[in-house]
Amino acid sequence: MSVYVHGIGMTQFGKLESRTLKDLLLDASIEALHDAGNPRVDAVFVGNFMGGSIYNQEILGAIIANDLGLGYIPTAKVEGACASGGIAIRQAILGIMSGEYETVLVAGVEKMKHVSTSEVTKAINAAMDNDSNEKHAGLTFPGFFGVLANRYIYETEATKEHLAMVALKNRENALNNPLAQFKKATSMEEIMAARMITEPLGLFDCSPTTDGASAIVLSKKKSDIHVLASAQASGPTQMQDTVELLSIPAVGESGRIAYEKAGLGPKDIDVVEIHDCFSMTEILSSEELGFFAKREGYLAVEQGKTKPNGEVPINTSGGLLSKGHPIGATGISQIYQIVLQLRGKAPNQVDGARIGLAQNLGGTGSYSTVHILERV
């Protein structure tokens, strides 16, 4: 059974002090339902990671159903760390394909800016294996991806400037996105001179904490946006279990499955949203997904191939680095951008975009989802 996108919605991303978690969730959902023509909804899936731990709010699916008057339909919250949104979308797709539902609302939300950096860091670290020797030794997410960046620089001719090129590209893309968190122009000099987080990753190389929500309406009824493939894979939860340090197996495997389901390859994709939690992650995942050869992703960035007018436009939304990263909403916001691209109405529109891919990562590579959409 085929699945189609009927509606999309998204709030502003950033520090939204006057908005509650519920406000954001409902606003994105209402926009998506309105965009879809206000259909009857059979189920709701919500992507969220820290609603309980730092906002003291769960039952998010039931809140949507109740406050929007959707009736006594089944609802569920889905948690998969930073891939919570992508997994929620996949669960909705599977529910429709099984014949259980005709139309499903998927929403994602996170409030992160109301607590201290130490509190949000502690909550985010729940996405690591906290019973591992690595965690007890003090490994953090910036530390993990910093190790990968150092190794990549060691094995290739890449430099910190290549990481800065990713950050600059995504900041420039965000300037044209009215819903992005960061709207201030920057320069290579500013990025290179920014406060170091963990060598070689500076402030601009790391995605920010963000408030925001996004939503999507999926249905078996036909529309102009067809979901060609939905795939998910898991990977090692500890660095010591990784066979190849410069590989994120869950990304490669979810991409392989998605391409196989869609009957397509990397060269068929017109526009891409990649989970750039760090600048290094965008480069590695672009290689894992087959857009560039292993150890050559940095060259593609240097040559401008990943810009909106390049061969493989990546993160035309600004990506997590500049659009923002409200964890539970991120995977759905990627689909939001891809749908806008396929409708021809996106910020940094790619000419003739017909097929788009969104990849959402969880943990240090514990989860990855890939969705491929087509304009029909």
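These legends go with close-up views of a predicted model.

**View 1. Helix α14 and the glycine that follows.** Helix α14 runs over residues 327-343, 17 residues in total. From first C-alpha to last it reaches 25 Å, close to the 24 Å expected at 1.5 Å a residue. The helix is mostly covered, with 16 of its 17 residues buried. Just after α14 comes Gly344, which takes a positive phi of about 75 degrees.

**View 2. The annotated C-terminal stretch.** An unreviewed UniProt entry carries the annotation "domain: Thiolase C-terminal" for residues 238-375. In the model, this stretch of chain is 37% helix and 14% strand. Its end C-alpha atoms sit 39 Å apart.

**View 3. Val217 and what surrounds it.** Val217 belongs to strand β7, residues 212-219. With a relative accessible area of 0%, Val217 is buried. Look past the neighbours within four places in sequence and Val217 still has plenty to touch: its contacts include Tyr4, Val5, His6 and Gly7. Ala32, Leu33, Ala36 and Pro39 are also among them, and so are Thr103, Val104 and Leu105. Lys15 is another matter: from Val217 it is 202 residues away in sequence and 26 Å away in space, C-alpha to C-alpha.

**View 4. Cysteines without a disulfide.** The disulfide count here is zero. Why is Cys82 not bonded to Cys277? The Cys277 sulfur is the closest cysteine sulfur to that of Cys82, but at 6.7 Å it is too far for a bond. Cys206 is in no disulfide either; its nearest cysteine sulfur, again that of Cys277, is 9.3 Å away. Cys82 counts as buried because its relative accessibility is 12%, and Cys206, at 12%, counts as buried too.

**View 5. Phe45 meets Tyr101.** Searching the whole structure turns up four aromatic pairs. In one of them, Phe45 and Tyr101 have ring centres 6.5 Å apart and planes at 65 degrees, so the pair is edge-to-face. Phe45 is in strand β2 (residues 43-47), while Tyr101 is in the loop between α4 (84-97) and β4 (103-110). The pair links distant parts of the chain, 56 residues apart. Both Phe45 and Tyr101 are buried.

**View 6. Tyr152 meets Tyr298.** Here the ring centres of Tyr152 and Tyr298 are 6.0 Å apart, and with planes at 85 degrees the pair is edge-to-face. Tyr152 comes from helix α7 (residues 141-155) and Tyr298 from helix α12 (residues 297-302), 146 residues apart. Tyr152 and Tyr298 are both buried.

**View 7. A phenylalanine trio.** Phe144, Phe145 and Phe278 form one aromatic cluster.

Definitions and conventions: Residues are numbered from 1 along each chain as its sequence is written. This is a predicted model: local features need pLDDT of at least 70, side-chain atom pairs count only at pLDDT 80 or more; totals for chains, interfaces and linings use all residues. Side-chain values use heavy atoms; hydrogens and water are left out. Helices (H or I, at least four residues) and strands (E, at least two) are DSSP runs, numbered from the N terminus. The expected span of a helix is 1.5 Å times one less than its number of residues. Buried means under 20% relative accessible area, exposed over 50%, partly exposed in between (1.4 Å probe, protein chains only). UniProt positions are given in the numbering used here, feature names are shortened, and annotations may be inferred rather than shown by experiment. Contact means heavy atoms within 4.5 Å. A disulfide is a pair of cysteine sulfur atoms within 2.5 Å. Rings of Phe, Tyr and Trp (its six-membered ring) pair if their centres lie within 6.5 Å; planes under 30 degrees apart count as stacked, over 60 as edge-to-face and the rest as tilted.
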